[in-house]
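Got your viewer open? Load the model, show it as a cartoon, and we'll walk through it one selection at a time.

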Amino acid sequence: MEATSGVEEEPKLRHVEKDVLIPKIMREKAKELCSEKVQAFTKCCQDSGILMVVKCREENAALKECLTAHYTNPAFYEECKADYLKQREAFRATGIRPNQKEQRVPTIVF
């Protein structure tokens, strides 16, 4: 048996967790944090119609810059990873996914 040094081991993450699930949380959180730029880009696209590719370049660049700043931030990744690990632990304890908690049971009307 090996003696542990008292330092808690880093939880093991599967490939899909590192490359799919945690980045999904990052995208959702970054979209919330950049909500002003998302709204500005959305409004510009709605107002411009087909010409949005040309007319909304500034809004698109600002949105990309904001999102990229979050995606490349190691502290933001660690924060999202911690959130994912909490969700995973809660699922393992209860068997209920976080998005299932919010769903209502459909009401049957006779």
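Here is a tour that goes from the whole chain to helix pairs and single residues.

**Before you click**

You're looking at a predicted model, where local features need pLDDT of at least 70, side-chain atom pairs count only at pLDDT 80 or more, and totals for chains, interfaces and linings use all residues. Residues are numbered from 1 along each chain as its sequence is written, and side-chain values use heavy atoms, leaving out hydrogens and water.

**Stop 1: the whole chain**

Select everything. The protein chain has six helices and zero strands, with helices (H or I, at least four residues) and strands (E, at least two) taken as DSSP runs numbered from the N terminus. Along the sequence, the pattern reads α-α-α-α-α-α.

Now colour by pLDDT, the predictor's confidence in each residue, from 0 to 100. The chain's average is 85, and 80% of the residues score at least 70. Where is confidence lowest, and where is it highest? Helix α6 (residues 98–101) is at the bottom with a mean of 63, while helix α4 (residues 57–71) is at the top with 94.

Of the 110 residues in the chain, 19% are buried (under 20% relative accessible area; exposed is over 50%, partly exposed in between, with a 1.4 Å probe and protein chains only). Contacts here mean heavy atoms within 4.5 Å. Among those between residues at least 6 apart in sequence, 71% join residues at least 24 apart.

**Stop 2: α1 and α5**

Select residues 15–33 for helix α1 and 74–94 for helix α5; the two pack at about 110 degrees, with axes 9 Å apart. (Axes are lines fitted to C-alpha atoms, for helices over the stretch in contact, and angles run from 0 to 180 degrees between N-to-C directions.) That angle makes α1 roughly perpendicular to α5. The cut-offs are under 35 degrees for roughly parallel, over 145 for roughly antiparallel, 65 to 115 for roughly perpendicular, and oblique for the rest.

Show side chains where they meet: on α1, look for Leu21, Ile25 and Ala30, among others, and on α5 for residues including Phe76, Tyr84 and Arg88. The residues of this contact divide into 10 nonpolar, one polar and seven charged. (Ala, Val, Leu, Ile, Met, Phe, Trp, Tyr, Cys and Pro count as nonpolar, Asp, Glu, Lys and Arg as charged, and the others, Gly among them, as polar.)

**Stop 3: Ala30**

Stay in helix α1 and pick Ala30. Buried or exposed? Ala30 is buried, with a relative accessible area of 0%. Leaving aside residues up to four places away in sequence, Ala30 touches Leu67, His70, Tyr71 and Phe76. Try a distance too: the C-alpha atoms of Ala30 and Thr68 lie 8.9 Å apart, though 38 residues separate them along the chain.

**Stop 4: α2 and α4**

Next, select helix α2 (residues 35–48) together with α4; they pack at about 155 degrees, axes 9 Å apart. The pair is therefore roughly antiparallel. Lys37, Val38, Ala40, Phe41 and Cys44 of α2 meet Glu59, Asn60, Ala62, Leu63 and Cys66 of α4. This contact counts seven nonpolar, one polar and two charged residues.

**Last stop: Cys56**

Find Cys56 in the loop between α3 (52–55) and α4. Cys56 counts as buried, at 1% relative accessibility. Which residues does Cys56 touch, not counting those up to four places away in sequence? Light up Phe41, Cys44, Cys45 and Ser48. From Cys56 to Cys44, 12 residues apart in sequence, the C-alpha to C-alpha distance is 6.0 Å.
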